[in-house]
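This report describes a two-chain structure for a reader working at the bench. It proceeds from the chains as wholes to their elements and then to the contact between them.

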Amino acid sequence: MGKKILIVEDNEMNRDMLSRRLVRKGYEIVIAVDGAAGLEMMKSERPDLVLMDMGLPVMDGWAATANAKADETLKMIPIIALTAHALEADRVRALEAGADDFETKPINLAGLLEKMTVLLPA
Amino acid sequence: MFKRLNYYLFLFSTTSRVFPYLLILGLASLVILVGMTAYFFGLFSAEAILAEGIDDALGGGLLDTLWWSMKHILDPGALSENYGAPAGVIFFALFNSIMGLIITGALIGFIVSAIQSAMEDARRGSATIRENGHYLILGWNRKGIVILELLAKLGATNRVVVLTETDIEQVRTDIRQGPRLLKQLTLLPMQGSISVNSELRRVAAHRASHIILLSESKSGAGSDLTTIKTLTLLNSGLYQGPGGNGPKIAAEIVNKENAVIAGIASKHNHPIVSSSDFISKTMVQCARYPGYAEVYNELFASGKFSIEICTIPNLDGVLFGNLASAFNNGAVLGVSWTDQKAGENPRRASVLNPEPDYDLTDDDEIIVLKGIDSPLERVDLDSFSSWEEPPERETTRPNVKKVLILAYNANLGLIVAELAKHAASDISVVVACADAKSSEALVRARYSDLLSGHLTLSFTEFDLAEAWRLDGIRPWEFDVIFIVADEVDKTIDADSKTIMLLLLLGEIENKQNNEAFPPVVAELLNSESKQLCVGTPLTDAIVSTEILSIQLAQLVREPFLETLYKELLNAGGIEIGLRPIEHYVQLGVPVSIAGITRSAMRFNEIALGYRSVQDGVMINPSKDQLCIFEESDLLIVLAQQVYT
């Protein structure tokens, strides 16, 4: 079984495409559709890495990331922030919230895979 | 005794349709029997037999008597043929003739009444439908006519039944005043409640091929409840065959909040369109891309194009980017596949504008934009085998920061919230409307959760009666101006108010001495009002009834489009964008559409067409077409929304 990746994304198309492509690369995928559900699934599923959209309903990605990093049991799970906001300020904001890396949409899969490889535990 | 008889008469006449005819039959039999007693008063006496109308050919017994008696009921003229018969016989002949006239008159009366009643049923729309595979529109409002028009444009050959609580004469008048195109359809307007099972059976909802549920204008604020109840009924075993093999259904919900319940009522099997949500999102897209409404209408409402899922052989290993110009007369918009997870029902996944390096497999199908009824012309696949990083380019993304909204309606809060979702940085929205204080309280109370932190929302008093105040708001200083359809004051038509506001803005624009004036996006309720806006600063007209109807009519035929429609309008997803064409091709020299398509693909965008000064909006042009573009021309693309 491949590494378990939690995708937190409210957009159905983005979710479908990213999970399809990552499954083909051998990853096991679990999905949450808002920040609060994402946090819950981090606790219940213990993923190896989280791909966190920032513009989420219920609890946005920044808050979910900050909460995860403030939780002793979750803070070691790497989080890559995904966002359509491409400004440097957005990158800084995501990293300040505690994200380990940042990827802008549209996602360049090769680039994302490289970042995932760096962050995933061996 | 008499009262009891009277009651039984009432009981049977109200519960049985054949009772009047049985009553006449019984009365006729009684009269015949009474007439036959003439036998005992010398009917076949030697004196009587000389009369022309009395005959004992069958031996002067029961049959001759029966014949004589019956003849007088059916033929009043037979009375005169008894001349010379005894007085008793004449009396019975007279009695039978008079009773015959009464019975025949009553029979004719009943028959005429039944015919009239059937005609009245048809006129009032309370007849029973005996169709199979028909289109059924449940509910009636302004959108009904546009839906019918689109069905006519799409060449629907099946009969269209409309069931509504609205006065059927009103529906007929709407249809009569509608476009000539409607004459191509066979329309059957019916009156009745759309949420009652017997009424749905009456219009053969279980045998319909497509059902469109419109919000009942007559039900007012409760229209969503009626729609939800009907959806629940239509999703029961009464209307859905085994394996969900029932009619295709699409429903309109007025308030966004009710869409979730409607989704549950439809068991998430059918597309639900929230009109308030859809209008607000479309208006915001028009603010982001002036000219969007025209593109949207051409793409979805012209009846020239369809979006279909196609199966193409040998896709395994082909990169999506390679398919960009694979069809001379079609644009490949995305991919679709059936997602089958263990223990779950299969689900169709559709993705627009995937990355160009997405490698397809044999179970992928492609989503194609093509001309209606024109088969795809395949051309050789391009030969770029791997994804190349796009070159850097300077692009100006829409970033609306200062918005003026004129007038007030129930969608205003959603428009503001949608603007906030798209805002890359702080955004300020000023609403200028009558009764500003209470409008502000309403918006803040209802949409408090949607109004985000980087949004500044303020209300200012403005009424058409004090038009001079508009100058003081300084509309030219905003990035975009919205005029929403103001239906609060029912005494003045909303479109008339919008047009007056546009004229006022036009005057202010003229005073600006050719300085740049912001784009103006206006919501209209009637497409004919657009003609009256010529010469005003209107950039985009959203005819709300029109675009919603278009969506409903298309979703009921192709439910998979629901995901696409939602995606095209949601913040953070894929959108239809208008980009300066010089980002893709050289200006002033002939370039092929195939070349532009490949160029757009390098930026992870799908070229849908272009908007040029020369040709206007052109959707899905042939890939082999050559064009020369000018500076102000725009490429229409499908692209990931990016906020900078």
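Two residues are in contact if their C-beta atoms, placed from the backbone, lie within 7 Å. By that criterion, 76% of the contacts in chain B between residues at least 6 apart in sequence join residues at least 24 apart. In chain A, residues 24 or more positions apart account for 59% of the contacts with a separation of 6 or more. The model is predicted, and the values below are computed from it.

**The two chains as wholes**

The table sets out the overall figures for each chain.

| Chain | Residues | Helices and strands | Radius of gyration | Compact globule would have | C-alpha box, along principal axes | Buried residues |
|---|---|---|---|---|---|---|
| Chain A | 122 residues | 5 helices and 5 strands | 13 Å | near 14 Å | roughly 30 × 30 × 25 Å | 43% |
| Chain B | 644 residues | 18 helices and 22 strands | 36 Å | near 26 Å | roughly 125 × 65 × 50 Å | 43% |

For chain A, the radius of gyration of 13 Å agrees with the value near 14 Å for a compact globule of 122 residues. Chain B, by contrast, has 36 Å where a compact globule of 644 residues would have a radius of gyration near 26 Å.

**Chain A: an alternating chain and its covered strand**

Along its sequence, chain A follows the pattern β-α-β-α-β-α-β-α-β-α. Strand β3 of chain A, residues 49-53, is mostly covered, with 5 of its 5 residues buried. The cover extends to both faces of β3(A): Leu49(A), Leu51(A) and Asp53(A) are buried on one side, and Val50(A) and Met52(A) on the other.

Strand β3(A) also has parallel partners. Strand β1 of chain A (residues 4-8) is joined to β3(A) by 4 bridges and runs parallel to it; in this pairing Ile5(A) stands opposite Leu49(A). Another 4 bridges join β3(A) to strand β4 of chain A (residues 79-83), again in parallel, and there Val50(A) has Ile79(A) as its bridge partner.

**Nonpolar cores**

Which residues have the most contacts inside the largest nonpolar core? They are Met52(A) and Phe482(B), in a core of 181 residues. Met52(A) is thus one of the buried residues of β3(A). Leaving aside residues up to four places away in sequence, Phe482(B) touches Met283(B), Ala287(B), Val403(B), Ile405(B), Leu406(B), Ile415(B) and Val521(B). A second core, separate from this one, has 9 residues, including Leu43(B), Ala48(B), Ile54(B) and Phe92(B).

**Chain B: a covered helix**

Helix α5 of chain B, residues 143-153, is mostly covered, since 10 of its 11 residues are buried. Among them are the nonpolar Ile145(B), Val146(B), Ile147(B) and Leu148(B), but the charged residues Lys143(B) and Glu149(B) are buried as well. What do the buried residues of α5(B) pack against? Their partners in chain B are the strands β1 (135-138), β2 (160-164) and β4 (210-213), together with the helices α6 (168-177) and α16 (544-557). After α5(B) comes Gly155(B), which has a positive phi, near 75 degrees.

**Chain B: an open antiparallel sheet**

Chain B also contains an open sheet of 4 strands in the order β7-β10-β8-β9, with antiparallel pairing. Strands β7 (305-310) and β9 (347-352) of chain B stand at the edges; each has a single partner strand, so one side of each is left without a neighbour in the sheet. From one strand to the next, the twist averages 30 degrees.

Within this sheet, 6 bridges join β8 of chain B (residues 330-339) to β9(B), and the two run antiparallel. One of the pairs in question places Trp337(B) against its bridge partner in β9(B), Ala349(B). Helix α17 of chain B (residues 561-569) packs on the sheet and touches β7 and β9 of chain B; the direction of α17 makes about 35 degrees with that of β9(B).

**The contact between the chains**

How many residues does each chain bring to the contact? Chain A contributes 15 residues and chain B contributes 20 residues. On the side of chain A that touches chain B, the largest share, 5 residues, comes from helix α1 (residues 12-24) of chain A. By class, that side of chain A has 8 nonpolar, 3 polar and 4 charged residues.

Methods:
Residues are numbered from 1 along each chain as its sequence is written. Chains are lettered from A and ligands numbered from 1 in the order in which they are written. This is a predicted model: local features need pLDDT of at least 70, side-chain atom pairs count only at pLDDT 80 or more; totals for chains, interfaces and linings use all residues. The radius of gyration is taken over C-alpha atoms; the globule rule is 2.2 Å times the number of residues to the power 0.38. A residue is buried if 20 or more other C-beta atoms lie within 10 Å of its own, exposed if 12 or fewer, and partly exposed in between; C-beta atoms are placed from the backbone. Two strands pair if DSSP finds at least two bridges between them. Axes are lines fitted to C-alpha atoms, for helices over the stretch in contact, and angles run from 0 to 180 degrees between N-to-C directions. A nonpolar core is a set of buried Ala, Val, Leu, Ile, Met, Phe, Trp, Tyr and Cys residues joined through C-beta atoms within 7 Å.
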